[in-house]
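Please look at the sequence and the three-dimensional structure below, and then read through the briefing that follows, which goes through the structure topic by topic.

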Amino acid sequence: MAASAGPEIERLIGLLSKLPGLGPRSARRAALALLKRRDQLLLPLSDALSEAAARVKTCQVCGSLDTQDPCAICSDGTRDGSLICVVEEVGALWAMERAGAFRGRYHVLGGLLSALDGVGPDALRVGPLVGRASEGGVREVILALPATVDGQTTAHYLAERLSGAEVTVSMLARGVPVGGELDWLDDGTIAQAMRARRPA
């Protein structure tokens, strides 16, 4: 960082650079944009961050983030409580909600099993998931986890743990994306799409 930047600016850049997708250069540009537009960006952002830090909490039922506990989704009586969609993190829950294709409840694991990173079952919200699935009223648990090695490992582990809960355990379909062309897809995606084919 430039020696001419004061400690306050350096601290701002350092904190911004810890955000996903922002390296030191992007953090410097973001800090400069915030400082140049103090009234329009910096002060409102500061207020929003303070309010979020004070009010946002983790839902004790599903693990999502909201200003109420239980969260708005868990409190919504119009949602189908017999369906639980398991996601890795809150960002995946938000993506599912944007799609508008699911009207059940969620369960945020808080990560994926990863031997390389030392993440075992105790680090995830597996126990609460098994408890929710076993308490009655749940008929299906949908594993909406990434199509990665860690995602598949986690999915297989959860399927084993849920085997005694008397619920159907399913996974999201994998394969050709909407608007996708076969010659642009990788071999694994094409093979998965062929295995998951269905009647036309």
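**Helices that cross**

In this predicted model, helices H1 and H2 are oblique to each other, a word used here for angles that are not under 35 degrees (roughly parallel), not over 145 (roughly antiparallel) and not from 65 to 115 (roughly perpendicular). Residues are numbered from 1 along each chain as its sequence is written, local features need a pLDDT of at least 70, side-chain atom pairs count only at pLDDT 80 or more, and totals for chains, interfaces and linings use all residues. Side-chain values use heavy atoms, with hydrogens and water left out. Helices (H or I, at least four residues) and strands (E, at least two) are DSSP runs, numbered from the N terminus.

- The axes of helix H1 (residues 7-16) and helix H2 (residues 24-36) come within 8 Å and cross at roughly 125°, where axes are lines fitted to C-alpha atoms, for helices over the stretch in contact, and angles run from 0 to 180 degrees between N-to-C directions.
- The crossing of H1 and H2 is right-handed, which is the term used if the near helix is turned clockwise from the far one by less than a right angle, while an anticlockwise turn would be left-handed.
- Further along the chain, H6 packs against helix H7 (residues 149-161) at an angle of about 45°, and their axes are 10 Å apart.
- H6 and H7 are therefore oblique to each other as well, and H6 passes H7 in a right-handed crossing.

**The sheet**

- Four strands form an open sheet in the order S4-S3-S5-S6, with parallel pairing, and two strands are said to pair if DSSP finds at least two bridges between them.
- S4 and S6 stand at the edges with a single partner strand each, so one side of each is left without a neighbour in the sheet.
- On average, neighbouring strands of this sheet are turned by 25° against each other, direction ignored.
- Five bridges join S3 and S4 in the parallel sense, and within this pairing Asp 80 stands opposite Gly 104 in S4.
- S5 and S6 also run parallel, joined by four bridges, and the bridge partner of Glu 140 in S6 is Thr 168.
- S3, H5 and S4 make a right-handed β-α-β unit, meaning that, with the strands pointing away from the viewer, the path from the first strand over the helix to the second runs clockwise.
- Strand S4 (residues 104-108) is largely enclosed by the rest of the structure, because five of its five residues are buried, where buried means under 20% relative accessible area, exposed over 50% and partly exposed in between (1.4 Å probe, protein chains only).

**Salt bridges**

- Side chains of opposite charge can pair when their charged atoms come close.
- A salt bridge is counted when a side-chain nitrogen of Lys or Arg is within 4 Å of a carboxyl oxygen of Asp or Glu, and by this rule the count comes to four, of which three are described here, including the one between Glu 51 and Arg 55.
- The closest N and O atoms of Glu 51 and Arg 55 are 3.4 Å apart, and both residues lie in helix H3 (residues 38-55), four residues apart, about one turn of the helix.
- Glu 51 is partly exposed at 46% relative accessible area, and Arg 55 is likewise partly exposed at 43%.
- Glu 97 forms a salt bridge with Arg 79, with the closest N and O atoms 2.8 Å apart, and this pair links distant parts of the chain, 18 residues apart, since Glu 97 is in helix H5 (residues 90-99) and Arg 79 is in the loop between helix H4 (72-75) and strand S3 (80-87).
- Glu 97 is partly exposed at 29% relative accessibility, whereas Arg 79 is buried at 6%.
- Asp 80 and Arg 139 form a salt bridge whose closest N and O atoms are 3.5 Å apart.
- Asp 80 lies in strand S3 and Arg 139 in the loop between helix H6 (126-134) and strand S5 (140-143), so the pair ties together parts that are 59 residues apart in sequence.

**Points in the loops**

- The peptide bond from Asp 69 to Pro 70 is cis, with omega near 5°, and Pro 70 is found in the loop between strand S2 (65-66) and H4.
- Glu 166, in the loop between H7 and strand S6 (168-171), has a positive phi of about 55° although it is not a glycine, and Glu 166 is exposed, with a relative accessible area of 77%.
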